[in-house]
Amino acid sequence: MDNYEELVIQSAKNLFHERALVQLDGMVVGAVAAIPKTSRDDEVHQHDLNYGEIFIRDNVPVMAYLLIEGKYEVVRHFLDTCLKLQSNEPRTRGIFPTSFVELNGHVVGDYGQRAIGRVISVDATLWWPILAYTYVQRSGDRAFASQPQVQVGLEKMLDLLLRSGFRDAPTLFVPDGAFMIDRPLDVWGTPLEIQSLLYGALLSAAGLLQIACADAPEAGLRSPSADSDGAAKRPAGNPELLHQTLQYAQRLRRYVLRHYWVNSKTVQVLRRRPTEQYGDDIENEYNIQTETIPHWLQDWLGDRGGYLIGNIRTGRPDFRFFTLGNCLGAIFDLISPNEQQDLFRLILQNRNDLVAQMPLRICHPPLDDEEWRKKTGYDRKNLPWCYHNAGHWPCLLWFLTAAVLRQNERSHDPELAAALEEMLESTYQNLLRNLPRQDWAEYFDGPTGTWMGQQARTYQTWTIVGFLLVHHLLKVNPEDATILNVPSLKSFQLVEEEV
Ligand code: GLC
């Protein structure tokens, strides 16, 4: 490490540990979204909108980094705090808040009732079991999983995900802006990021349920979940729910691979499908017309690239490329190792779009003109090439780094592996040079991502900690690329024959 690199890493660590982390009940509980500006005169912290709150999604890299540092008690405190905030209201029972903050001695959660546009986030609820499972794996604290309140929390969450609704498809249907993209951007319905997270959440929840099934009999734990209903007490482990959860995950995976995965072969099949079909055994279930397949796709896919498209809806699929949903699809092994290689080939091939001057573009291509007006409601923050609408977010690079490194371990294509590592290394060097100069901005605008986002916050926590994670994975310990591994479907003997 040269002097400059050492200085940057040290200053990023200081910013993170000294300025971003906040305490609750006398112990660090997580990090604010952006480090507040300090007024020189009176040292009073001034916060912009809700960037002083602790967002569950922004704390994903924070918790991953703290686990790598061995700060298990902080992560446990974060998980416990979120769990206490899980809603018990009749209309929202089981959901976790987007963010929380301590106000006048009380912890207040935002479930969408305070958010701009009153958007709700579904991803926070899905991230919680993934983080909880990761915590148990890294710390070895199995007793955390078997606690009655954790099992009850999982049951409430699974009740929300597995319960009956109007649709039979296993995907989760959500309103516009229900995840990292938290403004209208035509991402309503069954957007990819939610489905990838759902898959990770189901498998993580299954992992946590299994621990309770295995450990609870000895510990003699009893679940209080039944108390309020007056029903009989039963052991904390719930094998029936575990089985149901795994079957659901399996169905979801098959469905996503069938409907979301595209490469040049599948597109040719899609283009020649009949329409207006009715009944059980048909090829074009969602009655999708060939004209919905955009022309840019040909060049973008090339011969050997593949990816999960943004959304499947009746007649209106969304072929946009969403970076986080695809990276998570790889990290959770929703897509197979071969498909992961095709995905990374596609990213390499479209490096000028996705990485450009600042990694990574959040989605491609942007909605523009009439589409922007109609689908975003003239949203000035989401102008074409800005913010969520094809803006560039440095916080996304660590997800890609983790996905690539865990795949490179089992890769049969050394040339591809080397090209990917070269791309990651040069992208890291780019961040190293530019992020401190650009005050660790939240996002970057324009077709090459060169300009600091028009409304970007500076000293954004997930930019800082995302950079630290990339540095850690590339330079310190690549083995930590498995940090977000969820249990594989095959690891559960319960459904082995069926998988
Ligand atoms: C913006 C982002 C959202 C993030 C929040 C706090 O609203 O769209 O993903 O969680 O800022 O950083």
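Which residues are around the ligand? In this predicted model, the surrounding residues are Ala 33, Tyr 51, Phe 55, Arg 57, Asp 58, Met 180, Asp 182, Tyr 387, His 388, Glu 442, Gln 460 and Trp 462. Classified by residue type, this shell comprises six nonpolar, two polar and four charged residues. The nonpolar class, as applied here, includes Ala, Met, Phe, Trp and Tyr, whereas Asp, Glu and Arg count as charged. The space taken by the ligand corresponds to the second largest pocket.

Several side chains of the shell approach oxygen atoms of the ligand. For Asp 58, a side-chain N or O atom is 2.6 Å from a ligand oxygen. The corresponding distance is 2.9 Å for the side chain of Arg 57, and a value of 3.2 Å is found between a ligand oxygen and an N or O atom in the side chain of Tyr 387. On its own, the ligand has 300 Å² of accessible area, of which the protein covers 95%.

Aromatic pairing was examined across the whole structure, and the search returned 16 aromatic pairs. One of these is formed by Trp 300 and Phe 321. Their rings are arranged edge-to-face, with a centre-to-centre separation of 5.7 Å and an angle of 65° between the planes. Trp 300 belongs to helix 10, which spans residues 296-301, while Phe 321 lies in strand 10, made up of residues 321-322; the pair therefore ties together parts that are 21 residues apart in sequence.

Key. Residues are numbered from 1 along each chain as its sequence is written. This is a predicted model: local features need pLDDT of at least 70, side-chain atom pairs count only at pLDDT 80 or more; totals for chains, interfaces and linings use all residues. Side-chain values use heavy atoms; hydrogens and water are left out. A residue is near a molecule or strand if one of its heavy atoms lies within 4 Å of it. A polar contact is a pair of N or O atoms within 3.5 Å; within protein, one must be able to donate a hydrogen and the other to accept it, and residues adjacent in sequence count only if both atoms are side-chain atoms. Accessible areas come from the Shrake-Rupley method with a 1.4 Å probe; for residues, only the protein chains shown count as cover. On a 1 Å grid over the protein atoms alone, a cavity is a set of points where a 1.4 Å probe fits but cannot get out, and a pocket is an open set with protein on both sides within 12 Å along at least five of seven lines; lining residues have an atom within 4 Å of a point. A molecule sits in a cavity or pocket if more than half of its atoms lie within 2 Å of its grid points. Rings of Phe, Tyr and Trp (its six-membered ring) pair if their centres lie within 6.5 Å; planes under 30 degrees apart count as stacked, over 60 as edge-to-face and the rest as tilted. Helices (H or I, at least four residues) and strands (E, at least two) are DSSP runs, numbered from the N terminus.
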